[in-house]
Amino acid sequence: MAETAHVPRSPGRVVVAGASMGGLRAAEQLRAAGWTGAITVIGDEPHMPYNRPPLSKDVLAGTASFESLAFTPRASAADVEWRLGTTVTSARLDERVVGLDDGTELAFDGLVVATGMRPRKLRCDGPSGPGSGRHTVRTLADARGLRDELTRPGVRVVVIGAGFIGCEVAATAKGLGVGEVTVVDPEPLPMLRPLGELLARSLHRRHEERGVRFALGAGVAGFEGEDRVTGVVLTDGTVLAADVVVESVGSVANTEWLDGNGLDLSDGVLTDEQLRVGGHPNVVAVGDVARFPNARYDGVPRRVEHWSIPTDSAKHAAKSLVAHLAGSVAQPAPFAPLPTFWSDQHEFRLQSFGAPALGIADVRVLDGHPEGDVLVGYHRDDRLVGVVALGGPAATTGAARYRAQLLARPALIS
Amino acid sequence: MKVVVDMNKCQDHGQCVFSAPDVFQLDDTGRLAYVSDPDDALRDEVEEAADVCPLQAIRIEA
Ligand SMILES: Cc1cc2nc3c(=O)[nH]c(=O)nc-3n(C[C@H](O)[C@H](O)[C@H](O)COP(=O)(O)OP(=O)(O)OC[C@H]3O[C@@H](n4cnc5c(N)ncnc54)[C@H](O)[C@@H]3O)c2cc1C
């Protein structure tokens, strides 16, 4: 690449946009990669970075305090400047500045995009907004608000979307003693797309046995009620009575602040195999918001909303950014993480390694039985590309045995 | 180096084992066992193990 190494204003500043897990890990990994200049992390939430997975599980159940969620930053990140409660509203990448909602501009030598996602909301008729009984789960405030409503006696809950978060919220609500919990999804089974039919069936049965009801094969046409939701109207005409509605119908990337820079923001921010954004070697993206090619698989850029990705991508992105800022032309090997995912629902856990969705057409039971603890393998061209365990600790430790095998395989595209 | 795992938080995910197998192990029943005073040469591994713990239950003291 004919790229003149940028000489940082000594020693320069890296701005990290987004102060959650990806932002924190990026700051720490910049130090680990040798960056000695200033680091400023800007986040619109009022909190220091905290862990999100418990929001739909232990926090909702009331078994983990909100305080216990905060990440403990590494000692090496002690001099990082945190600007919380501050939104990045614009960026001019060519001029190396970002604009903040307090009207100021901040110059950077390097920029890390770590602004993550926000929940998608259904746009249809009926009550909406605070106090309407409609909820999403992404932030501490969301989890607090939902917990307050789930613990009211006699509430009827409708969860829209049978993905990971929807299924977790339904399970947690049941665990809290909610009598009526119904999960709505246009697909015929919960989590069918990421897991395939075999495990989707097994999950469906496990949820039903624990009292979760499903309304599958129909979408949502609208909501009933004046100020508050009283019912959910499905596309087949059915009306489900509801006091509380949880919408878990996917998420939208927080990238509007990057508009006007000629970037591909069609689904998150597109990066190259070094997590660099749109031909700007001093701009990298990490975590949920990054749409990156994975050299381990087919090289197709995808966003991966797994907890392991902010850490993995921060490590790689920090190396490529610091190398660039130091004027190095050496290229690290392409980013090739092994995705891992877990989900806790009722008393069982799903544990995934690799990319099951790429091998959904060829699913084989590797161990156990779908009725109990089970371990399944996902294959593409007869090759194992992912494993998912469902059940108790024995099943999940079983999955770990295949991790080395999944890691050792040479990349599919090599 | 001193490592402390909050066993009230630990949910036996085993991610730490992948990062620092000399320090963290899962026993036959899938429960975590660990070395509380590993050699300082293992610091990088242990920091990584702390990063990848889904419950953030691993603390490095000194
Ligand atoms: C309820 C829930 C449960 C989950 N459970 C699991 C699980 O069991 N297993 C698993 O593998 N994964 C799980 N995940 C996914 C995992 O938590 C995410 O992958 C991870 O949080 C992504 O981190 P991130 O830093 O990339 O993005 P985020 O956590 O979304 O952080 C982005 C931050 O940037 C801020 N921000 C956005 N725009 C701006 C702006 N313009 N200016 C300043 N700040 C901004 C946001 O407010 C936010 O704080 C779960 C997620 C949720 C929400």
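**Group meeting: a ligand in chain A, and chain B beside it**

I'll start at the ligand: S20(A) places a polar side-chain atom 2.8 Å from one of the ligand's oxygen atoms. Before going on, note that this is a predicted model.

Two more approaches to ligand oxygen come from the backbone. M21(A) has a backbone N or O atom 3.5 Å from an oxygen atom of the ligand, and for M117(A) the corresponding distance is 3.4 Å. How much of the ligand does the protein bury? Taken alone, the ligand exposes 1000 Å², and 95% of that is buried by the protein.

Now the surroundings. The ligand has 33 residues around it. The closest are D44(A), E45(A), R52(A), K57(A) and D288(A). Sorted by class, this shell holds 13 nonpolar, 12 polar and eight charged residues. In terms of secondary structure, two helices and two strands of chain A are worth pointing out: α1 (21–32), α4 (164–175), β2 (38–43) and β23 (340–345) each supply at least two residues of the shell.

Let me stay with helix α1 of chain A for a moment. Both R25(A) and E28(A) lie in this helix, three residues apart, which is about one turn. Their side chains meet in a salt bridge, with N to O at 2.9 Å. As background, side chains of opposite charge can pair when their charged atoms come close. Over all chains, the structure holds 36 salt bridges.

That brings me to the interface. How many of the salt bridges lie across the interface of chain B and chain A? The rule finds four. One pairing across the two chains is R74(A) with D51(B), where the closest N and O atoms are 2.8 Å apart. Counting polar contacts between chain B and chain A gives 10 residue pairs, with both residues at pLDDT 80 or more.

On the chain B side, which elements give two or more residues to the part that touches chain A? They are α1 (15–19) and α2 (43–52) of chain B. Of these, α2(B) gives the most, with four residues. By class, this side of chain B is evenly divided: six nonpolar, six polar and six charged residues.

For the contact as a whole, chain B brings 18 residues and chain A brings 21 residues. Together the two chains bury about 1600 Å² between them, and 46% of that is on carbon and sulfur atoms.

To recap, the protein buries 95% of the ligand's exposed area, and four salt bridges cross the interface of chain B and chain A.

How values were computed:
Residues numbered from 1 in each chain as written. Chains lettered and ligands numbered in written order. Predicted model: local features only at pLDDT ≥ 70, side-chain atom pairs only at ≥ 80, totals over all residues. Heavy atoms only, no water. Contact = heavy atoms within 4.5 Å. Buried area = accessible area lost by both parts, 1.4 Å probe. Polar contact = N/O pair within 3.5 Å; in protein donor to acceptor, adjacent residues only side chain to side chain. Nonpolar A, V, L, I, M, F, W, Y, C, P; charged D, E, K, R; others polar. Near = heavy atom within 4 Å. Areas by Shrake-Rupley, 256 points an atom, 1.4 Å probe, with all protein chains shown as cover.
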